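Hi,

Here is the structure we talked about, with my notes on it underneath. Have a look at it first, then read on.

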Amino acid sequence: MDNIVREDLKTFKSYSSARDEAKNGRIWLNANESPYDIELSDQTKINRYPDKQNSALVSKVAELFQIKSEQLLISRGSDEAIDLLVRLCCTAGKDNILICPPTYGMYSVSAKLQNAGIIQIPLKKNKGFQLDVEGILANQNNNIKIIFICSPNNPTGNSINKSDILKACEAYAGKSLVVVDEAYVDYADENSMAEYIDQYKNLVILRTFSKAYGLAGARIGFLIANPEIIQWMLKVIAPYPLSAIVTEYCLDALSAARLQLINAQRDITKTERLKLFNALKDLTWVKKIWPSDANYLLIETKNAQVIMRKCAEHGVVIREMFDKPGLENAIRISIGTPEQNQELINVLGEITS
């Protein structure tokens with residue numbers, strides 16, 4: 001990390017909160033909190049500041065995903081982790097990130113807010129939206145501090161070849177972080193790349209509870225990386241990023257019974273994904289449906305604006321991809337419940353051109 005972290009942060013002393021300085025005690029008089037408890041119906045007390053990283057939640061997530069607690073950082077969705085990584089590593093006006101469009105837009109947003117440069121190496125559409133490895137490796141001397149790779153990729157839905165990602169890790173060792181955003185990996189047959197964390201010190205994995213786990217409103221994500229990266233992230237994250245209410249709710253939502261339900265719902269989503277693919281592939285206005293490892297389908301159409309308008313007339317909201325390179329006539333459709341998907345099929349089946 002010595003070659004990756006911003007020079008001006010090398011001697012940075014992070015804000016030391018009252019909770020950081022004293023975690024144990026019987027009478028807490030160090031944080032200017034109200035001494036009067038406010039207990040919610042579930043007995044969660046919210047008059048005290050929460051820990052920066054709730055130990056119970058960290059332990060639960062580490063156990064669930066079979067990683068070490070010291071390799072884990074809990075954040076407010078993976079979006080916060082993206083922003084923190086850019087601010088930690090990219091000096092404004094000097095350093096760059098590398099992205100592979102079409103891909104998730106927050107990588108560019110965070111870079112622009114930090115005034116970091118953005119180098120774009122587009123995915124190879126004719127190769128099923130896989131990495132242009134040669135293009136990525138050719139930029140090793142361009143002050144790239146972070147390479148963002150989304151797998152399964154949003155919006156294309158395909159998983160990126162692991163061997164290609166590992167080539168980037170090897171080539172940029174000691175120079176750049178390779179950040180693999182696995183927001184949708186729960187819907188894929190591929191396993192997480194977290195198994196390579198010990199082998200590749202510059203590999204970072206982003207995960208979230210917003211998708212398959214149904215907790216988008218709770219804003220809980222997490223970052224998996226080697227402990228040195230985690231310690232740097234803890235320096236720049238907010239003093240109290242996780243509310244006590246959300247933390248307790250998340251712990252309840254990760255109970256054994258709830259996880260069993262999540263697994264069943266995930267299986268239904270994968271079945272419905274195939275059902276929707278087969279139902280739409282022969283419609284006259286469909287040019288191509290891209291294979292997906294995520295909970296959505298990318299569809300190349302003859303007239304995307306007509307599709308968007310027809311769906312809107314029936315109260316069905318889908319996503320246009322007009323601003324993505326190579327996807328000027330594409331739409332993205334999330335997989336809903338069986339009933340929602342059937343209604344969508346009925347609406348789209350009425351469109352003839």
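**The cavity and what lines it**

The largest cavity is lined by Ser 151, Pro 152, Ser 159, Ile 160, Lys 162, Ile 165, Val 180, Glu 182, Val 185, Glu 190, Asn 191 and Met 193. Before you do anything with that list, keep in mind that this is a predicted model. Sorted by class, the lining comes out as six nonpolar, three polar and three charged residues. The volume of this cavity is about 70 Å³. How many cavities of 30 Å³ or more does a search of the whole structure find? Just one.

Two of the lining residues, Ser 151 and Pro 152, are joined by a cis peptide bond, with omega near -5 degrees. Pro 152 sits in the loop that runs between β4 (144-150) and α6 (162-171). Pro 155 is in the loop between β4 and α6 too, and the bond from Asn 154 to Pro 155 is again cis, with omega about 25 degrees. Most peptide bonds are trans, so cis ones are worth a second look.

Ile 165 is another residue of the cavity lining, and its place is in helix α6. Is Ile 165 buried or exposed? Its relative accessibility is 0%, so Ile 165 counts as buried. Setting aside neighbours within four places in sequence, Ile 165 is in contact with Leu 131, Ile 149, Ile 160, Val 178, Val 180 and Met 193. Ile 160, Val 180 and Met 193 also turn up in the cavity lining. As for Val 178, it is 13 residues from Ile 165 along the chain, and their C-alpha atoms are 8.0 Å apart.

**The pocket**

The largest pocket has a volume of about 520 Å³. It has 21 lining residues, and those closest to the pocket centre are Phe 65, Gln 66, Asn 191, Ser 192 and Arg 207. You may recognise Asn 191 from the cavity lining. In terms of class, the pocket lining holds nine nonpolar, five polar and seven charged residues.

Gln 66 deserves its own note. You will find it in the loop between α2 (55-64) and β1 (72-75), and its phi is near 55 degrees, which is positive in a residue other than glycine. Most residues other than glycine have a negative phi. With a relative accessibility of 76%, Gln 66 counts as exposed.

Arg 219 also has a positive phi, near 55 degrees, and is likewise not a glycine. It belongs to the loop between β6 (203-208) and β7 (221-224). Where Gln 66 counts as exposed, Arg 219 is partly exposed, because its relative accessible area is 32% and that class runs between 20% and 50%.

**A helix pair**

Helix α3 (residues 77-89) packs against helix α7 (residues 227-236) at an angle of about 95 degrees, and their axes are 10 Å apart. That angle makes α3 roughly perpendicular to α7. On the α3 side the contact involves Ala 81, Leu 84, Leu 85, Arg 87 and Leu 88, and they meet Trp 232, Met 233 and Val 236 of α7. By class, this contact has seven nonpolar residues, no polar ones and one charged.

**A few single residues**

- Leu 344 is in helix α11 (residues 338-349). Its relative accessible area is 4%, so Leu 344 is buried. Beyond the neighbours within four places in sequence, Leu 344 is in contact with Leu 276, Cys 311, Val 316 and Ile 333. Leu 344 and Gln 265 are 79 residues apart in sequence, with 19 Å between their C-alpha atoms.
- Pro 50 lies in the loop between α1 (18-21) and α2. Not counting residues up to four places away in sequence, Pro 50 touches Arg 19, Tyr 240, Leu 242, Ser 243 and Ala 244. Asp 293 is 243 residues from Pro 50 in sequence and 37 Å from it, C-alpha to C-alpha.
- Asp 323 is in the loop between β10 (319-320) and β11 (330-334). A relative accessible area of 65% makes Asp 323 exposed. The C-alpha atoms of Asp 323 and Pro 241 are separated by 33 Å, and the two residues are 82 apart along the chain.

Cheers

Terms used:
Residues are numbered from 1 along each chain as its sequence is written. This is a predicted model: local features need pLDDT of at least 70, side-chain atom pairs count only at pLDDT 80 or more; totals for chains, interfaces and linings use all residues. Side-chain values use heavy atoms; hydrogens and water are left out. Axes are lines fitted to C-alpha atoms, for helices over the stretch in contact, and angles run from 0 to 180 degrees between N-to-C directions. Helices (H or I, at least four residues) and strands (E, at least two) are DSSP runs, numbered from the N terminus. Angles under 35 degrees count as roughly parallel, over 145 as roughly antiparallel, 65 to 115 as roughly perpendicular and the rest as oblique. Contact means heavy atoms within 4.5 Å. Ala, Val, Leu, Ile, Met, Phe, Trp, Tyr, Cys and Pro count as nonpolar, Asp, Glu, Lys and Arg as charged, and the others, Gly among them, as polar. On a 1 Å grid over the protein atoms alone, a cavity is a set of points where a 1.4 Å probe fits but cannot get out, and a pocket is an open set with protein on both sides within 12 Å along at least five of seven lines; lining residues have an atom within 4 Å of a point. Grid points are joined across faces, edges and corners, and a volume is the space filled by probe spheres set on the points. Buried means under 20% relative accessible area, exposed over 50%, partly exposed in between (1.4 Å probe, protein chains only).
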